[in-house]
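User: Could you walk me through how some of the labels for this structure were reached? I'd like to see the reasoning behind them.

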Amino acid sequence: TVGQGQTRTIYLNFIGQQPTKRFAQLYIRTNGQNLSGRDTNGVMTEGIFNFGVFGRGQGARLSDNAKGSLPQAIVYPRTNVGDTVRAKLTLVNPGQCDLRLSLSSLEIISGDVKEFFISKRPTTGIDPVTNDLIIPAGSSNNSIEISFTPRNGGSRRAALVLRTNDSTVILPGHTKRGVYYLDLFGTSPMVLTASNLDLGSALIGGTAADQKRGVVYLENTANTPISIIKVLISGADTADFKMDGSNVWPTLPKDLLPGERLDLGIVFAPGSGTPGPRTVKVRLVLSSGDTVDAIVTGVSGTRDLAVGTTTINFDAKSGRVDRRTLTITNIGTLPVTLGMPSISGTTGAFKFGSLPRLVLNAGQTEYLEVTYYGLASGTISSTLTINSDATSGPKLVSLSGTTAKARLGDDDPTQSTNGRHDDPAIGGNVDQNAVSGVSGEVVAGGVALRQSVPNPGQGMVTISYRLAERGEVTLGLYDGAGRLVKVLDAGMRDSGEQVIQVNVSDLASGLYHYNLIANGQHLNRTMQVVK
């Protein structure tokens, strides 16, 4: 509270968690009547003023050049089996602070780890307490040496873990901030080479059309013939990969002449299990006893939909309309293609709008407006079918409409949008109980539910609703699969405005739906949580 003639100061702290310019937008809501501004939904509101805040952070940079780009992979020359080649790792710090590299975490992982090794480590410029290599701002270091000794022919690869204090280095969802994986590549030209294969995404339990096919390419790069005596698929995910029946493997043993190439067809057909990455190794056993491996990967997924409710009850006076919005959410991990919805049963009184998007990626939600026209008095029922290529099949929503009395004789529910019953421009009557299409709130039967603020949210989120009369309410929060996450508000509430503060910091990122049940009405809104 700022009294007349008084002044208050708000202090903002800037914590430079990342380098370069940082900015945000500050919104302050007051009861001042001499100013107005846009709220977080972009709506001009009296008493709001907002302004931008800016800062600039300084930090270290992990690079191998003065321009600041991330280090490039180390590519070794073609090396005979058993020979050793060495390469120095050059690190440059073009940042403004000391770059720290954890020597305790410096290791080679992921891939042919037995064929790459750290042959030389730093001996100077090391913090004795943390065992970090310190590279001052504007300087470089090339005291780390990585060696490559191929044990088998073909292409070889691994990754070197670099754990630093460069906060700009991150692969969201895969790495921690400051951790960078430097690729190491090497080849041996003396024997058979095999290509790795990424088959992309495939549906769990899908038909042949949902499976993915590809080819592992083999080539004899030696100067003499090579005999393949066995081909094996191994690994924990062996059941999800098999030989492609349309590209049958050759009868073994198979001799490859110098320069000759052979294709092995592979099918990715995940049959069960949870969605996620799948990996197998295609191993070729040679008559010499040597082995050559090709890594085959894929991602198994699901196609599934969820609707916000399976029952919609409409209530309209004769000659008027009641509108509801149905949420359709992709709760699977693969894109889902929506078909044209349909209504069966008593269809004349129910209509639905268009779907702006027919393809929903994982986690996305679409909204379908369903309208009930009050025709003859009484109650009628229909079924709304949401068609798609989801493996769970069509989603069915029961529609029930009740009309208080016979409709007016001059009403025509078949008119176009510009001449609907709820269009006051043509002298029609607007049903005050109908659901509005305003983006900030939905209203039905004297109950209003507003959009959460801010949206997306990551800490405290405000949800408000309004009651025309006192009544019992339940406000629940549901995840994308329709499971109840928590009850936000419940009990008898007086008429008027109700404001709920919700802490969403403990929720995973994604889309959530909140449903208000009050005075016989069901209202839904969607909010997004981000981390």
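Analyst: Happy to! The model is a predicted one. Let's begin with strand E34 (residues 447-450) and strand E35 (residues 460-467), which pair in the antiparallel sense over three bridges.

User: What makes E34 and E35 a pair?

Analyst: Pairing asks for at least two bridges, and E34 and E35 have three bridges. Leu449, for instance, has Tyr465 in E35 as its bridge partner.

User: Which sheet holds E34 and E35, and in what order do its strands run?

Analyst: An open sheet of four strands, ordered E33-E34-E35-E38, with antiparallel pairing. Strand E33 (441-444) and strand E38 (496-503) each have a single partner strand, so they stand at the edges.

User: Why is the pair of Phe49 and Phe51 called stacked?

Analyst: Ring centres must lie within 6.5 Å to pair, and planes under 30 degrees apart count as stacked. For Phe49 and Phe51 the centres are 6.5 Å apart and the planes stand at 15 degrees, so the pair is stacked.

User: How do you know whether Phe49 is buried or exposed?

Analyst: Buried means under 20% and exposed over 50%, with partly exposed in between. Phe49 has 32% relative accessibility, so the label is partly exposed. Phe51, at 35%, is also partly exposed.

User: And why is Ile10 called exposed?

Analyst: The cut-off is over 50%, and Ile10 reaches 59% relative accessibility, so Ile10 counts as exposed. Together, Ile10, Leu12, Phe49 and Phe51 make a nonpolar surface patch of about 380 Å².

Terms used
Residues numbered from 1 in each chain as written. Predicted model: local features only at pLDDT ≥ 70, side-chain atom pairs only at ≥ 80, totals over all residues. Heavy atoms only, no water. Patch = residues over 30% accessible without salt bridge, like charges linked within 9 Å, V, L, I, M, F, W, Y side chains within 5 Å. Areas by Shrake-Rupley, 256 points an atom, 1.4 Å probe, with all protein chains shown as cover. Salt bridge = Lys/Arg side-chain N within 4 Å of Asp/Glu carboxyl O. Buried < 20%, exposed > 50% of the residue type's maximum accessible area, 1.4 Å probe, protein only. Helix = DSSP H or I, 4+ residues; strand = E, 2+ residues; numbered from the N terminus. Phe/Tyr/Trp six-rings, centres within 6.5 Å; stacked < 30°, edge-to-face > 60°.
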